[in-house]
Amino acid sequence: MFCFCHTHFGAGNELKNAVVDAGSAAGCGRVMLRRCIRRALALACMILQLTVPYFYQIQVFAGDTQTISESDLFSQAAVLMDASTGRILYGKNEDTVLAMASTTKIMTCIIALEYGNPDDTVTFSTYAAAQPKVKLGMSKGRQAYLRDLLYSLMLESHNDTAVAIAEHIGSQQLGWDTAAVANHSREESVKAVEAFLALMNEKAASLGCEQTHYLTPNGLDVSEEYVDENGETQEIFHSTTAAELARVMSYCILESDQKEQFLEITQTASYGFTDLDAQYYYSCTNHNAFLSMMTGALSGKTGYTGRAGYCYVGALESEGRTFVAALLNCGAYGNQTKKWVDLRILMEYGIQYYTPTLIYEKQEMAPIPVVNADMEPALFYDTYEMPVSVTGEESIEILLAEWESAEVQIEVRKELTAPVYEGDVAGSVEVSAPGGYFRQFDIIAENTVLPKRKINNFLYVLWLYLCGSTSQM
């Protein structure tokens with residue numbers, strides 16, 4: 001017997017349930033016969049370990065579709081993401097692998113915050129000092145505090161600062177004396193930077209960014225060759241996708257233990273500091289125009305290289321919603337203002353159309369019969385009603401537009417066979433929505449039930465046989 005429940009959610013809609021149940025049979029003789037048949041089938045299922053799933057589906061739908069035409073955006077690739085869930089609200093070539101320029105530095109910054117100490121003394125090596133413009137301009141052997149250099153990194157996007165930070169923390173990872181960085185050979189500097197890049201790539205992988213490859217800590221155009229499993233030479237370049245760049249920014253502002261420090265740095269309008277010898281004063285100005293362009297702007301990072309074009313990733317908060325937009329290759333040199341046009345289009349689209357919507361609430365599940373349970377009286381075939389519960393959150397609320405739908409599907413066994421142990425999985429709840437949103441929870445048994453003893457099973461089969469013989473008389 002199946003039971004189906006369809007629940008519809010909309011703006012202000014109440015929960016509506018429709019439950020279909022079977023009618024009762026008439027006649028004592030027919031009832032006994034049917035019970036015997038059902039019990040025989042139950043015994044067969046017990047032997048064959050058959051289970052039948054059933055489903056609950058919840059859908060959200062209303063309104064006409066509103067979207068952004070790809071031709072409305074200058075960017076080759078673009079994404080608008082709900083930072084809280086990682087769900088993509090709009091995408092244009094969002095999975096296309098492209099160069100990312102200095103948007104790289106959001107990962108450089110968050111790794112430095114997570115692995116470094118703000119009071120660390122960072123020494124510039126010959127390798128770091130030789131990085132191309134835009135640069136801070138510290139020479140070999142000059143020193144500054146890590147906390148100061150992070151403003152140089154994020155406000156002015158200094159390439160030499162990025163390498164100096166990477167070499168410092170990479171040296172720590174290798175167990176090297178950071179005071180000796182000034183004397184590093186080029187090979188030693190490169191090895192230390194590679195240790196830092198390993199942290200960047202490990203973090204990207206942990207966030208599910210499979211197409212992101214960090215080959216530099218500053219975002220300059222670099223490519224490398226490698227030999228694949230088929231023995232063929234392949235090329236990778238410093239790259240990401242719009243979707244994965246947005247995912248990294250979401251992590252930086254919402255998930256990292258250092259998110260407050262990250263936001264404090266990237267929201268600062270200007271900052272000044274000296275080297276440790278107080279011989280030079282450095283002034284940094286934030287070039288992120290987005291901070292003053294839209295109400296609620298949280299953070300962002302610009303970027304440009306010849307291969308990447310103009311790039312940008314930024315975050316905005318509006319009425320409890322956090323949006324992240326990522327833009328890759330938004331025009332060649334001389335088109336630096338186009339990224340701001342695309343950014344405004346994306347953010348206003350999210351603000352206008354996407355609202356928090358409750359799509360799932362944990363509900364009490366009906367008990368599941370357990371056959372072959374060790375119960376009294378021993379002669380008769382009794383079933384135990386196993387209480388079950390759902391793991392995970394009590395409720396889920398995500399940003400949905402009026403034209404979008406979300407679905408909750410529950411798959412649960414109609415019957416279990418002893419032994420069943422507390423915590424055993426008896427089903428699942430799947431919550432999904434467009435844009436890659438998916439959550440799964442287990443339905444688990446709350447108690448332990450042992451199987452019926454063998455003598456009881458024998459008596460039960462004998463009883464079934466006698467019932468069958470009686471019904472034929």
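The following exchange examines the predicted model of this protein through questions and answers.

Colleague: On what conventions does the description rest, and how many helices and strands has the protein?
Modeller: Because the model is predicted, local features need pLDDT of at least 70 and side-chain atom pairs count only at pLDDT 80 or more, while totals for chains, interfaces and linings use all residues. Residues are numbered from 1 along each chain as its sequence is written, and side-chain values use heavy atoms, with hydrogens and water left out. Helices (H or I, at least four residues) and strands (E, at least two) are DSSP runs, numbered from the N terminus. On this basis the protein has 11 helices and 23 strands.

Colleague: What percentage of the residues of the protein count as buried?
Modeller: Buried means under 20% relative accessible area, exposed over 50%, and partly exposed in between (1.4 Å probe, protein chains only). Of the 473 residues of the protein, the buried portion is 46%.

Colleague: Which share of the contacts with a separation of 6 or more comes from residues 24 or more positions apart?
Modeller: A contact requires heavy atoms within 4.5 Å. Among the contacts with a separation of 6 or more, residues 24 or more positions apart account for 68%.

Colleague: At what angle do helices H2 and H5 pack?
Modeller: Two packed helices are described by the angle between their axes and the distance between the axes. Axes are lines fitted to C-alpha atoms, for helices over the stretch in contact, and angles run from 0 to 180 degrees between N-to-C directions. For H2 (residues 105-115) and H5 (residues 159-174), the axes are 11 Å apart and the angle is about 35°.

Colleague: Which residues of H2 make the contact with H5?
Modeller: From H5, the contact involves Asn159, Ala162, Ile165, Ile169, Gln172 and Gln173. The residues of the contact divide into 5 nonpolar, 3 polar and 1 charged, where Ala, Val, Leu, Ile, Met, Phe, Trp, Tyr, Cys and Pro count as nonpolar, Asp, Glu, Lys and Arg as charged, and the others, Gly among them, as polar. H2 contributes Lys105, Ala112 and Tyr115.

Colleague: Is lysine 203 buried or exposed?
Modeller: Lysine 203 is placed in helix H6 (residues 186-206). Leaving out residues up to four places away in sequence, lysine 203 touches Met107, Ile111, Glu114 and Tyr251. Because its relative accessibility is 17%, lysine 203 counts as buried.

Colleague: Why is helix H4 described as largely enclosed by the rest of the structure?
Modeller: The buried residues of H4 (residues 146-155) include Leu146, Asp148 and Tyr151. Just after H4, serine 157 takes a positive phi of about 60°. H4 is largely enclosed because the number of its 10 residues that are buried is 9.

Colleague: Which strands stand at the edges of the sheet S5-S4-S14-S13-S12?
Modeller: This open sheet of 5 strands has antiparallel pairing; two strands pair if DSSP finds at least two bridges between them. Neighbouring strands are turned by 10° against each other on average, direction ignored. An edge strand has a single partner strand, so one side is left without a neighbour in the sheet; the edge strands are S5 (87-92) and S12 (297-305).

Colleague: Which residue of S14 stands opposite aspartate 82?
Modeller: Strand S4 (residues 77-82) runs antiparallel to strand S14 (residues 321-328), and 6 bridges join them. Helix H10 (residues 338-353) lies across S4, S5, S12, S13 and S14, running at about 150° to S14. The residue opposite aspartate 82 is phenylalanine 323.

Colleague: Which side chains of strand S20 point to the buried face?
Modeller: In a regular strand the side chains alternate between the two faces of the sheet. In S20 (residues 407-413), Glu407, Gln409, Glu411 and Arg413 point to one face and are not buried. S20 is joined to S22 by 6 bridges in an antiparallel arrangement. The side chains that point to the other face and are buried are Val408, Ile410 and Val412.

Colleague: With which residues is glycine 423 in contact, leaving aside its neighbours within four places in sequence?
Modeller: Glycine 423 lies in the loop between strand S21 (416-417) and strand S22 (425-433). Glycine 423 is partly exposed, with a relative accessible area of 37%. Beyond those sequence neighbours, its contacts are Ile444 and Ala445.
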